[in-house]
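Work through the exercises below with the sequence and the 3D view side by side. Try each task before you read its solution.

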Amino acid sequence: PLPDNAVEAGYRVIGFDSVGSTNIEAMKAAMAGNAGKIWYAALQQTEGRGRRGRAWESPYGNLAASLMIVPDAPSNSLAGLGFVAGVALNTALTRLMPAAAIRSGLDGADGVSDGGRARIALKWPNDVLADGAKLAGILLEAQKRPDGRTAIVIGIGVNVVAAPQGLPYPATSLADLGAPLDAPSVFEALAESWVECYQMWNNGSGTNRIIHRWRDNAAGIGAEVAVQRGDGVLRGIFETIDDAGHLIVRDDEGHRIAITAGDVHFGTT
Ligand code: BT5
């Protein structure tokens, strides 16, 4: 189901019960020259992927959704779409959570903050955390189309009913958080907030508003971080996100370093 604002804005959705990867479906459509504004949504993936060849576990009942668009914006600004997706997902989840969390009667004693609601926060560059555990991930991919234009595929995985165990860091699901939601309702809320956030981003100064909203909801500002990059590990204090979306880390010598890509670990380990 697509919300009215998405239908009005010309979006379509192709739904799967189970598929290899919704990002692969979207990339295939882009290669075939498809005009975009299409969501590929699935209840299960058998070959879900994360960044850098990593796997994304997508058991039945979780949400896997990939949006294929062919933006008019210059291709050097397209990395910002990951932030649009993060803000849209954060907005959708916080809109969905209160009623659900109140029903479950969660309170602070369960380690859940904010008056019974899990605290949803964005982790640079592309994760959504709930009370510090990974609830969702975003994978942005680009595909040159036959006509030379660049299509962007924004893949979003949300742990709705189950989170994988045994990862090097904690993962959680909406079910774990006491929110009895299903994947179609999470998708509907996401598709709706995507339309709002993408309009904002496309709207001149809106680009900065998206980055500011992202930063307002960021996890770990002021914390010690270790950033794994291609050339090693950088340790320092996570100072902020700049207006270009770079992670700004201040190292021991007081240098401010702007990072465009990497994996962030909080704390000193
Ligand atoms: C991501 O990668 O977090 C991006 C995940 C994007 C998934 C969506 S689902 C729809 C679309 N279709 C696809 O095939 N992919 C996209 P990364 O930051 O590289 O995180 C991957 C790592 O997270 C793995 O190496 C595991 O450690 C961990 N992980 C795997 N599955 C997870 C899950 N369901 N929940 C939390 N962590 C997970």
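A polar contact is a pair of N or O atoms within 3.5 Å. Keep that cut-off at hand. Note also that this is a predicted model.

**Exercise 1. Polar contacts of the ligand**

Task: Find how far a nitrogen atom of the ligand is from a polar backbone atom of N23. Then look at N159 and Y169.

Solution:
- Step 1. Start at N23. One of its polar backbone atoms is 3.4 Å from a nitrogen atom of the ligand. The cut-off is 3.5 Å, so this pair counts as a polar contact.
- Step 2. Go to N159. An N or O atom in its side chain is 2.9 Å from a ligand nitrogen.
- Step 3. Turn to Y169. Here the ligand offers an oxygen atom, and a polar side-chain atom of Y169 lies 2.5 Å from that oxygen.
- Step 4. Now take the ligand as a whole. On its own it has 790 Å² of accessible area, and the protein covers 95% of that.

**Exercise 2. The shell around the ligand**

Task: Which elements give two or more residues to the shell around the ligand? Which one gives the largest share?

Solution:
- Step 1. Locate the site. The ligand takes up the space of the largest pocket.
- Step 2. List the elements. Helix 2 (22-31), strand 3 (63-69), strand 6 (133-144) and strand 7 (150-158) each give two or more residues.
- Step 3. Pick the largest share. Strand 6 supplies it, with four residues.
- Step 4. Name the nearest residues. There are 29 residues around the ligand, and S21, R49, R54, K134 and Y169 come nearest.
- Step 5. Sort the shell by class. It has 11 nonpolar, 12 polar and six charged residues.

**Exercise 3. A salt bridge**

Task: Explain what the salt bridge between D263 and R54 ties together.

Solution:
- Step 1. Recall the principle. Side chains of opposite charge can pair when their charged atoms come close.
- Step 2. Check the distance. The closest N and O atoms of D263 and R54 are 3.2 Å apart.
- Step 3. Place both residues. D263 lies in strand 12 (residues 263-266), while R54 is in the loop between strand 2 (38-42) and strand 3, so the pair ties together parts that are 209 residues apart in sequence.
- Step 4. Widen the view. The structure holds 13 salt bridges.

**Exercise 4. Backbone details**

Task: Is the peptide bond from W124 to P125 cis or trans? Where is K37 found?

Solution:
- Step 1. Read omega. For W124 to P125 it is near 0°, and the bond is cis.
- Step 2. Place P125. It sits in the loop between strand 4 (120-123) and strand 5 (127-130).
- Step 3. Move to K37. This residue is in the loop between helix 2 and strand 2.
- Step 4. Read phi of K37. It is near 60°, a positive value in a residue other than glycine.

How values were computed. Residues numbered from 1 in each chain as written. Predicted model: local features only at pLDDT ≥ 70, side-chain atom pairs only at ≥ 80, totals over all residues. Heavy atoms only, no water. Near = heavy atom within 4 Å. Polar contact = N/O pair within 3.5 Å; in protein donor to acceptor, adjacent residues only side chain to side chain. Areas by Shrake-Rupley, 256 points an atom, 1.4 Å probe, with all protein chains shown as cover. 1 Å grid on protein atoms, 1.4 Å probe; cavity = no way out; pocket = protein on both sides within 12 Å on 5 of 7 lines; lining within 4 Å. Sits in = over half its atoms within 2 Å of the grid points. Nonpolar A, V, L, I, M, F, W, Y, C, P; charged D, E, K, R; others polar. Salt bridge = Lys/Arg side-chain N within 4 Å of Asp/Glu carboxyl O.
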